[in-house]
Amino acid sequence: MKWLMVAIIVGSTVLADLLQSFEMKRHVVAAEDLRPGRLAGMLRGMAQRGPLVLAVFFMAISFFAFMKLLSVADLSFAVPVTAASVALETVLARLVLRENVTALRWAGALCGVATPLISG
Amino acid sequence: MAAGRAIAEPAPLTSSGPKRVDLKTKLLTAFVVCTNVLGNFAMSWGMKHQAVDLGLSPFAYIRLIFTPWVLLGTSLLILWLLSRMTLLGWADLSYVLPMTSIGYVLSAVLGKVFFGEQVTWQRWLGTVFIVAGIIFVGLTSANTTRQEPAR
């Protein structure tokens, strides 16, 4: 059960992050829009953007799977082990989002891979 | 208003070069980390203090969400979601992921201090790797694909 939850969390997190990154780069939010008075408008705007709604759906799956994981595992296990998504997302950021992933960033991602292998 | 805004013109590179990460991005990154760590902590606290067998029933999850600590955790994680979405518009995904992973370290510390969890040397070694990853990625530009946020 523990590792099934980890797999669900990682898979849904990867999909959610790719969708968010793709959509948020199409319509950049300005710092001024983060003021408390403008948050409701920002939320309304986000709710009308399909990829973000889909991303939130995947995040909800990840959220409930994380709740389940916390009920059967320690916090200090649950949080680091889900870092496995970092490596997968870095590869997809290069292939799908066309980001310039330099050697230093690959090194950072590999450190993310090492974490669940060591602590899991 | 974010929705419907046309994509801004690419910002010219400053004299300090493309590797400069502005204060706004750093502050938002710190906010994202704090809301994530505190949200996870509150959630974990709530889960550990509820004698509820979750099973697979969605109603058990919904009941649990409205308990005080889980509600606090959920609220913080909603703030985390919104601020992280904004950050993903300002910086690359491959930059945001390792930079915000300092949250894993802080969660391990909170787990040990407040829950008395057994944090083995392997887990501490894992946190060292995360910090190393943050240092590597911190040396790169935050944004390699698109424009700065509209001002």
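Colleague: What share of the 120 residues in chain A is buried?

Modeller: Buried residues come to 51% of the 120 in chain A. Keep in mind that this is a predicted model.

Colleague: OK. How many helices and strands does chain A have?

Modeller: Chain A has six helices and zero strands. Going along the sequence, the pattern reads α-α-α-α-α-α.

Colleague: And what box do its C-alpha atoms fill?

Modeller: Along the principal axes, the C-alpha atoms of chain A fill roughly 40 × 35 × 25 Å. As for contacts in chain A with a separation of 6 or more, 81% join residues 24 or more positions apart.

Colleague: Let's move to the interface. How many residues does each chain put into the contact?

Modeller: Chain A puts in 52 residues and chain B puts in 52 residues. On the chain A side, helix 1 (2–26), helix 2 (36–47), helix 3 (50–72), helix 4 (75–81), helix 5 (84–95) and helix 6 (103–119) each supply at least two residues.

Colleague: Which helix of chain A gives the most to that side?

Modeller: Helix 6 of chain A, with 11 residues. By class, the side of chain A that touches chain B splits into 26 nonpolar, 15 polar and 11 charged residues.

Colleague: Can you walk me through one helix pair across the two chains?

Modeller: Take helix 3 of chain A and helix 1 (residues 23–48) of chain B: their axes are 9 Å apart and the packing angle is about 55 degrees. Helix 3 of chain A is therefore oblique to helix 1 of chain B. The crossing of helix 3 of chain A and helix 1 of chain B is right-handed.

Colleague: Which residues meet there, helix 3 of chain A with helix 1 of chain B?

Modeller: A:Met67, A:Leu70 and A:Ser71 from helix 3 of chain A meet B:Met43, B:Ser44 and B:Met47 from helix 1 of chain B. That contact has four nonpolar, two polar and no charged residues.

Colleague: What about a pair inside chain B?

Modeller: Helix 4 (residues 93–100) and helix 6 (residues 121–138) of chain B have axes that come within 8 Å and cross at roughly 145 degrees. Helix 4 of chain B makes a left-handed crossing with helix 6 of chain B. B:Tyr95, B:Pro98 and B:Met99 in helix 4 of chain B meet B:Gly133, B:Ile134, B:Val137 and B:Gly138 in helix 6 of chain B. Five of the residues in this contact are nonpolar, two are polar and no residue is charged.

Colleague: Back to buried stuff. How many residues are in the largest nonpolar core?

Modeller: It has 73 residues, and those with the most contacts inside it include A:Ile9, A:Phe66, A:Ala78, B:Leu87 and B:Val96. Not counting residues up to four places away in sequence, A:Ala78 touches A:Phe66, A:Leu69, A:Leu70 and A:Ala73.

Colleague: Now B:Trp69. Is B:Trp69 buried or partly exposed?

Modeller: B:Trp69 is partly exposed, because 18 other C-beta atoms lie within 10 Å, and buried would take 20 or more. B:Trp69 sits in helix 3 (residues 68–90) of chain B. Leaving out neighbours within four places in sequence, B:Trp69 contacts B:Ala42, B:Trp45, B:Gly46 and B:His49.

Colleague: Last one: what is the phi of A:Arg98?

Modeller: Phi of A:Arg98 is near 60 degrees, a positive value in a residue other than glycine. Most residues other than glycine have a negative phi. A:Arg98 is in the loop between helix 5 and helix 6 of chain A. A:Arg98 is also exposed, with 10 other C-beta atoms within 10 Å.

Definitions and conventions. Residues are numbered from 1 along each chain as its sequence is written. Chains are lettered from A and ligands numbered from 1 in the order in which they are written. This is a predicted model: local features need pLDDT of at least 70, side-chain atom pairs count only at pLDDT 80 or more; totals for chains, interfaces and linings use all residues. Axes are lines fitted to C-alpha atoms, for helices over the stretch in contact, and angles run from 0 to 180 degrees between N-to-C directions. Helices (H or I, at least four residues) and strands (E, at least two) are DSSP runs, numbered from the N terminus. A crossing is left-handed if the near helix is turned anticlockwise from the far one by less than a right angle, and right-handed if clockwise. Two residues are in contact if their C-beta atoms, placed from the backbone, lie within 7 Å. Ala, Val, Leu, Ile, Met, Phe, Trp, Tyr, Cys and Pro count as nonpolar, Asp, Glu, Lys and Arg as charged, and the others, Gly among them, as polar. A residue is buried if 20 or more other C-beta atoms lie within 10 Å of its own, exposed if 12 or fewer, and partly exposed in between; C-beta atoms are placed from the backbone. Angles under 35 degrees count as roughly parallel, over 145 as roughly antiparallel, 65 to 115 as roughly perpendicular and the rest as oblique. A nonpolar core is a set of buried Ala, Val, Leu, Ile, Met, Phe, Trp, Tyr and Cys residues joined through C-beta atoms within 7 Å.
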